[in-house]
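Please read the following walk through a protein model with the sequence and the 3D view at hand. The account goes from side-chain contacts to strands and then to a pocket.

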Amino acid sequence: MLMELMSKVISLVLLFVVFYILKKIVRVSARKLFLSSIRVSTQDIGRQKTIARLLESSLNYVLYFLLLYSVLTILGLPVSSLLAGAGIAGVAIGMGAQGFLSDLVNGFFILLERQFDVGDVVGLTNGSIKIKGTVASVGIRTTQVRDGDGTLHFIPNRNILVVSNQSRGDMRVQVDIPLSLTADLAKVWRIFEQVNQQELAKQSAIKGAKMIGPQTLDNGSFVFRVQFFVTQSHQSQIYQHFYMLYHEALLAEGIDLRDS
């Protein structure tokens, strides 16, 4: 009896050692060997990371299944009978197998349709729940999104109903400069045009600019609006740069700005 117990303990220890080594091999294979293959070498970095993370996640699920199967076998439990019996199906459903399958199906279509990749800035919506941030990881069951304050959100794929991807194509940046109602709008227009002529050629991220002119916002504020079309991830930089330039230029010319 004691020898049998010791044999099982040693077998379990060796099993976990082998499992640990295989997990390390899976991680290295997914991140190095797979990414250097010819098939993905032409993909962008975000897509490469997404595919690699998906491959790693899938292999890990296989390893965990094999680990569970091996542990039960070593302990002498009738694995085949358990899997074949109707009771295990009821237990699996009760433990959330339906939700798990929904995650897998939804995750499959997210990846197939390439709704987002690692590194994309997205907004994920499910009713009143809205999460916005940068995609940190995409798996077949969950998606990880890191928001502006650094919080990492783990989102089951079945709960992702609406995806708003801000990293596909050019983005619009809208700069509204508050003005007094008595401001000389013709002079303001000329000042803004001068700033644009001096700065637009220096900004490779800007694909186009459009002078909209004076606007009245819903809250009653009077502003002068300029729109830019920029490559993704440069929105904040362009907004801050041109807002400061316009503001300084107006003040230098004595334009009356709206009181705060």
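Lys 202 is a convenient starting point: with a relative accessibility of 60%, this residue counts as exposed, because anything over 50% falls in that class. The side chain of Lys 202 meets that of Glu 199 in a salt bridge, with 3.6 Å from N to O. Glu 199, in contrast to its exposed partner, is buried, at a relative accessible area of 12%. Side chains of opposite charge can pair when their charged atoms come close.

The model is predicted, and the confidence attached to it varies along the chain. Mean pLDDT for the protein is 80, and 80% of the residues reach 70 or more. Helix H7 has the highest confidence, with a mean of 94, while helix H2 (residues 38-41) has the lowest, with a mean of 46. Where pLDDT is low, the predicted coordinates should not be read in detail.

How many salt bridges does a search of the whole structure find? The search returns 4, and the pair of Lys 202 and Glu 199 is one such contact. Another joins Lys 187 to Glu 253, with the closest N and O atoms 4.0 Å apart. Lys 187 belongs to helix H7 (residues 185-199) and Glu 253 to the segment after helix H8 (235-252), so this contact ties together parts that are 66 residues apart in sequence. Lys 187 is partly exposed, having a relative accessible area of 26%. Glu 253 is also classed as partly exposed, at 43% relative accessibility.

A further salt bridge is formed by Arg 225 and Asp 176, whose closest N and O atoms are 2.8 Å apart. Arg 225 sits in strand S8 (residues 222-230) and Asp 176 in strand S6 (residues 171-178); the two residues are 49 apart, and the pair links distant parts of the chain. Are these two residues buried or exposed? Both Arg 225 and Asp 176 are buried.

The strands that hold this pair are themselves joined. S6 and S8 run antiparallel and are connected by 8 bridges. Within this pairing, Ile 177 has Phe 224 of S8 as its bridge partner. S8 is mostly covered, with 8 of its 9 residues buried.

S8 also pairs with another strand. Strand S7 (residues 206-216) is joined to S8 by 9 bridges, again in an antiparallel arrangement. Here Ala 209 stands opposite Phe 228 of S8. S7 and S8 make a hairpin that has 5 residues between the two strands, and Gly 220 in its turn has a positive phi of about 90°.

A second group of strands lies earlier in the chain. Strand S1 (residues 121-126) pairs with S2 over 6 bridges in the antiparallel sense, and Gly 123 stands opposite Lys 132 in S2. The two strands form a hairpin with 2 residues between them, where Gly 127 in the turn has a positive phi of about 65°.

S2 continues into another pairing, this time with S3. These strands are antiparallel over 4 bridges, with Ser 137 opposite Gln 144 in S3. S2 and S3 also form a hairpin, with 3 residues between them. The loop between S2 and S3 contains Gly 139. What class of accessibility does Gly 139 have? Gly 139 counts as buried, at 6% relative accessibility. The C-alpha atoms of Gly 139 and Gly 107 are separated by 7.1 Å, although these residues are 32 apart along the chain.

S2 and S3 appear again in the second largest pocket. This pocket has a volume of about 200 Å³. It is lined by 14 residues, and those closest to its centre are Arg 53, Ser 57, Tyr 61, Arg 141 and Thr 142. Helix H3 (45-74), strand S2 (129-138) and strand S3 (142-146) each supply at least two residues of the lining. H3 gives the largest share, with 5 residues. Sorted by class, the lining of this pocket has 7 polar, 5 nonpolar and 2 charged residues.

Note on methods
Residues are numbered from 1 along each chain as its sequence is written. Side-chain values use heavy atoms; hydrogens and water are left out. Buried means under 20% relative accessible area, exposed over 50%, partly exposed in between (1.4 Å probe, protein chains only). Two strands pair if DSSP finds at least two bridges between them. pLDDT is the predictor's confidence in each residue, from 0 to 100. On a 1 Å grid over the protein atoms alone, a cavity is a set of points where a 1.4 Å probe fits but cannot get out, and a pocket is an open set with protein on both sides within 12 Å along at least five of seven lines; lining residues have an atom within 4 Å of a point. Grid points are joined across faces, edges and corners, and a volume is the space filled by probe spheres set on the points. Ala, Val, Leu, Ile, Met, Phe, Trp, Tyr, Cys and Pro count as nonpolar, Asp, Glu, Lys and Arg as charged, and the others, Gly among them, as polar.
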